[in-house]
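Reader: I have a structure to look at and some terms I do not follow. Could we go through them one by one?

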There are 2 protein chains.
Amino acid sequence: MSDQDRVHASLSLKPALDAIGTAIDQRFDRLLPLPDDGRRRLFEAMRHAVIGGGKRMRPLLVVAACDLFHVDRERALRVAIAIEAVHCYSLIHDDLPCMDDDDLRRGKPTVHKAFDEATAVLAGDSLHALAFEVLADEATHEDPFVRSELVLELARASGPSGMAGGQMMDLAAESQVFDLAATTRLQQLKTGALISFCLDAGAIMGRVGDAQRTKLRGYAHDLGLAFQIADDLLDVEGSSAKTGKAVQKDAAAGKATFVSLLGVERARTQAEMLIDQAIGHLHSFGAEADLLRAIARFAIERDR
Amino acid sequence: MSDQDRVHASLSLKPALDAIGTAIDQRFDRLLPLPDDGRRRLFEAMRHAVIGGGKRMRPLLVVAACDLFHVDRERALRVAIAIEAVHCYSLIHDDLPCMDDDDLRRGKPTVHKAFDEATAVLAGDSLHALAFEVLADEATHEDPFVRSELVLELARASGPSGMAGGQMMDLAAESQVFDLAATTRLQQLKTGALISFCLDAGAIMGRVGDAQRTKLRGYAHDLGLAFQIADDLLDVEGSSAKTGKAVQKDAAAGKATFVSLLGVERARTQAEMLIDQAIGHLHSFGAEADLLRAIARFAIERDR
């Protein structure tokens with residue numbers, strides 16, 4: 001990709017990222033009014049975690065995948081809210097002192113810092129339940145079969161054979177020597193499973209067949225790995241001011257990353273190759289896949 | 001209730017409790033085979049939490065509610081597994097040092113003691129996701145509408161307007177003065193919502209109308225409060241050896257409980273009145289509600 005292409009990629013995505021950011025904030029604001037009882041602090045913590053921050057990469061992926069199959073924007077945003085709630089719950093728990101022990105997230109204090117640990121545990125658990133409530137809500141007039149299929153896939157993507165399983169492997173990575181294959185497998189579970197769900201959601205709501213789903217899975221697989229390599233590069237080269245979270249923590253913890261295993265240059269080349277490959281999976285689509293193509297280019301060009 | 005009735009209640013329930021205990025253990029054993037990778041410790045922790053312990057009160061309630069409407073036992077047990085997974089996840093997180101800081105649960109070390117805190121957080125999160133996976137699984141041939149309705153109700157019962165909200169109120173109870181009304185409201189969320197779901201699940205699967213559901217809600221409401229009063233009485237009068245968990249913690253933390261608010265004698269009378277009332281809601285049912293009646297009597301006669 002040329003430098004000009006890169007500038008173009010981030011420019012073309014800016015309005016989409018801004019729009020999804022606003023839409024997600026609005027919906028969480030409506031979903032989480034502050035109650036006037038002993039649960040107020042819990043809702044404040046949930047709002048702290050989900051409103052006003054983050055790249056909203058996963059919601060954008062859901063919307064972009066839904067665009068492919070002309071799925072109504074409101075239906076797409078509802079699923080986007082669910083996936084972002086799961087993503088945010090995992091960040092809250094991941095930041096806890098007994099896990100990664102982070103003080104900073106999205107440029108703000110982490111939930112256990114701004115509130116306390118017990119509230120952070122419960123805010124994460126509450127967002128986790130909220131995600132499934134949003135997906136299963138009959139008031140949305142979504143077809144029951146689609147609703148339960150979305151629930152099933154999100155539960156699988158976030159549970160012990162998906163995200164939570166990957167986080168467990170990540171804990172072990174501090175005390176074991178991980179090679180490239182093990183690191184790839186870890187990241188496919190830890191971040192890849194949820195990213196795959198974003199694309200799968202579009203296919204489920206669009207009610208498309210296996211051939212289309214396979215293309216989207218290929219895209220998600222390559223994008224997820226490239227995204228993680230970019231994250232590892234930011235951890236080495238970025239600053240807390242830009243990323244809004246602590247950097248250079250992996251090296252300090254002695255954890256294997258794509259960068260420690262491949263070196264900066266090969267990691268960057270690998271990420272670019274994966275992005276080309278991700279975009280290649282979309283070749284049978286026309287302009288309706290342009291947003292997915294732009295997201296892929298953005299994934300390795302972002303600075304946070 | 002006479003002493004003879006009490007002996008009869010616990011005797012008649014014993015075979016049902018034993019049978020449900022075995023059935024739940026078997027199903028969790030099949031659901032959670034140990035993987036041969038970095039997630040092994042996570043699955044060990046999940047198995048530690050869900051296999052071989054607990055009264056299995058909530059699974060038994062689901063089965064008993066399903067019996068009312070002739071719902072197949074296998075369908076009932078699947079929902080029972082989901083509700084028990086949520087109950088166990090909440091116990092794991094509730095026992096964490098930043099929450100209630102308990103070392104003993106169901107006569108065994110708590111998950112963070114037997115493993116570590118990070119594993120406990122992830123084991124809880126994993127069981128939470130597993131519950132929704134089990135409910136939404138299409139392989140069960142459950143009707144999609146029933147599946148998504150069960151997911152919706154369980155998410156509501158366990159989320160910020162249910163169990164997690166009640167746990168948040170419970171945290172506040174250590175620093176605030178709670179009266180009887182506030183304590184009742186807290187317990188309705190913290191333990192009542194999930195107990196109500198057990199009964200609702202039977203109504204959802206039995207596809208019965210509002211009139212039947214209202215009776216079951218009345219039963220669940222009264223049973224839930226009586227169950228909690230009995231718990232508070234055990235906390236004051238029981239021993240760790242019998243309950244399998246720490247006792248007299250509420251008084252030490254200065255928390256209001258039904259016993260501290262009403263005194264031992266009035267609390268016991270209140271629990272008995274609630275149980276009579278709970279059974280009263282079942283008067284239009286015949287022998288098919290005998291298990292629910294026996295559970296209600298057992299709720300205040302148990303010693304753990």
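Author: Start with the polar contacts. This is a predicted model, and eleven residue pairs, both at pLDDT 80 or more, are in polar contact between chain B and chain A.

Reader: Which helices of chain B each supply at least two residues of the side that touches chain A?

Author: They are α2 (40-50), α4 (73-94), α6 (117-136), α7 (144-158), α8 (163-172) and α9 (180-206). The most comes from α6(B), with twelve residues. By kind, the residues on that side of chain B are 24 nonpolar, eleven polar and twelve charged.

Reader: Why is the pair A:R185 and B:D37 called a salt bridge?

Author: The cut-off is 4 Å between a side-chain nitrogen of Lys or Arg and a carboxyl oxygen of Asp or Glu. The closest N and O atoms of A:R185 and B:D37 are 3.4 Å apart, so the pair counts as a salt bridge. Between chain B and chain A the count is six salt bridges.

Reader: How much area is buried between chain B and chain A?

Author: About 4,100 Å², and carbon and sulfur atoms give 70% of that. B:L122, B:P160 and B:M168 supply 16% of the area that chain B buries against chain A, more than any other three residues.

Reader: What rotation superposes chain B on chain A?

Author: A rotation of 180°, with 0.0 Å of shift along its axis, and the RMSD is 0.0 Å. That is the relation of a two-fold axis.

Reader: How do you know that the copies meet through the same surface?

Author: Of the interface residues of chain B, 100% are also interface residues in chain A, so the surface is the same for the copies.

Conventions
Residues numbered from 1 in each chain as written. Chains lettered and ligands numbered in written order. Heavy atoms only, no water. Buried area = accessible area lost by both parts, 1.4 Å probe. Polar contact = N/O pair within 3.5 Å; in protein donor to acceptor, adjacent residues only side chain to side chain. Helix = DSSP H or I, 4+ residues; strand = E, 2+ residues; numbered from the N terminus. Nonpolar A, V, L, I, M, F, W, Y, C, P; charged D, E, K, R; others polar. Least-squares fit on C-alpha atoms with pLDDT ≥ 70 in both. Contact = heavy atoms within 4.5 Å.
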